[in-house]
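This report examines the annotated membrane spans of one protein chain, a helix pair and the surroundings of a single residue. The sequence and structure are shown below.

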Amino acid sequence: MKTLMSSRPRSSEANRHLALQLAIQLPDSTDDARQVVDELAVLLESYMTQPGPRPLWERQVMALDPPYQAGPALFWTVALFLLTMPIVTALVALVGVQAVEIPFMVPLAAGCSIVFGRRYGVLVGALAALAHNLLIVPPALELSMPTALELVFGGCYAGAAIIVPTIAKYAAALRAAAMSACVRLAPASGSPSPG
C-alpha cells in the first residue's frame, strides 16, 4: 500500500525543540490550546510569511503582472455601469422610489473596487451620482444642484468602494478575532451559569 507523504519538509531537531517550548506555554485546557494554535496559524499566514500567488479575485489592481494597463479595467468598469444603469433607471421609474438603485449600485461599486481597485469603485460611485442627477431627478437630462438624498447615495457608493475591499483584505484576521471573542464570551463547559 502506497503511503502519502506530506508536502512539508521533515522537522529538524531544532524545530522540534522550539515546538516543545511553545507547547509548554499552551493553556491546560485542550480547547484553549487549540484556539491559541489556530490564532498562531492565522498570524503566521497573515503577517509573518511572504505572500504567495493569490487567486485573481483577491488581487488588487497594482498587483497584476506588469506591465499593467488601466485600459481594460476602465473599460469593464464603464461597461458594467452602462449595463446596470438602464435597469436601475427602469426600476426607479416603475417603482417610483429612488432608493431602489442602492441594491444595484452599491454591489457594483464594491465589486469593481475589489476586482479592479478602489479608484474604479469610486469612479462607479461618481458615475452613478451623475447618472442619477441626469436621468432620475426631474427635469431629465439637466444637471441640477445635488439634493441631500443624492449626497447620501454618493456616500453609500464611495463607502462601499473603500470599506468592502479593506474588509476583504483583512477577512482572515477579522474572522480569527471574532471567533476568539466568541470563545472567550462562551461559558466553559461544566461551569455554573450566571444568575
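## Annotated transmembrane regions

An unreviewed UniProt entry assigns the feature "transmembrane region" to residues 73-100, 120-141 and 147-168. In this predicted model, residues 73-100 are 82% helix and 0% strand, and the C-alpha atoms at the two ends of the span are 27 Å apart. For residues 120-141, the corresponding end-to-end distance is 24 Å, with 77% helix and 0% strand.

## Packing of helix 3 and helix 4

Helix 3 (residues 70-95) packs with helix 4 (residues 102-116) at an angle of about 170°, and the two axes lie 10 Å apart. Because an angle over 145 degrees counts as roughly antiparallel, helix 3 is roughly antiparallel to helix 4.

Helix 3 contributes A73, W76, T77, L80, F81, T84, M85, I87, V88 and L91 to the contact, while helix 4 contributes F104, M105, L108, C112 and F116. Sorted by class, the residues of this contact comprise 13 nonpolar, two polar and no charged ones.

## The environment of N133

N133 belongs to helix 5, which covers residues 118-136. Its relative accessible area is 5%, so N133 is buried, the cut-off being under 20%.

Two polar partners are found for the side chain of N133: the backbone oxygen of S144, at 2.9 Å, and the side chain of E150, at 3.0 Å. Leaving aside residues up to four places away in sequence, N133 touches E142, L143, S144, M145, P146 and E150.

Terms used. Residues are numbered from 1 along each chain as its sequence is written. This is a predicted model: local features need pLDDT of at least 70, side-chain atom pairs count only at pLDDT 80 or more; totals for chains, interfaces and linings use all residues. Side-chain values use heavy atoms; hydrogens and water are left out. UniProt positions are given in the numbering used here, feature names are shortened, and annotations may be inferred rather than shown by experiment. Helices (H or I, at least four residues) and strands (E, at least two) are DSSP runs, numbered from the N terminus. Buried means under 20% relative accessible area, exposed over 50%, partly exposed in between (1.4 Å probe, protein chains only). A polar contact is a pair of N or O atoms within 3.5 Å; within protein, one must be able to donate a hydrogen and the other to accept it, and residues adjacent in sequence count only if both atoms are side-chain atoms. Contact means heavy atoms within 4.5 Å. Axes are lines fitted to C-alpha atoms, for helices over the stretch in contact, and angles run from 0 to 180 degrees between N-to-C directions. Angles under 35 degrees count as roughly parallel, over 145 as roughly antiparallel, 65 to 115 as roughly perpendicular and the rest as oblique. Ala, Val, Leu, Ile, Met, Phe, Trp, Tyr, Cys and Pro count as nonpolar, Asp, Glu, Lys and Arg as charged, and the others, Gly among them, as polar.
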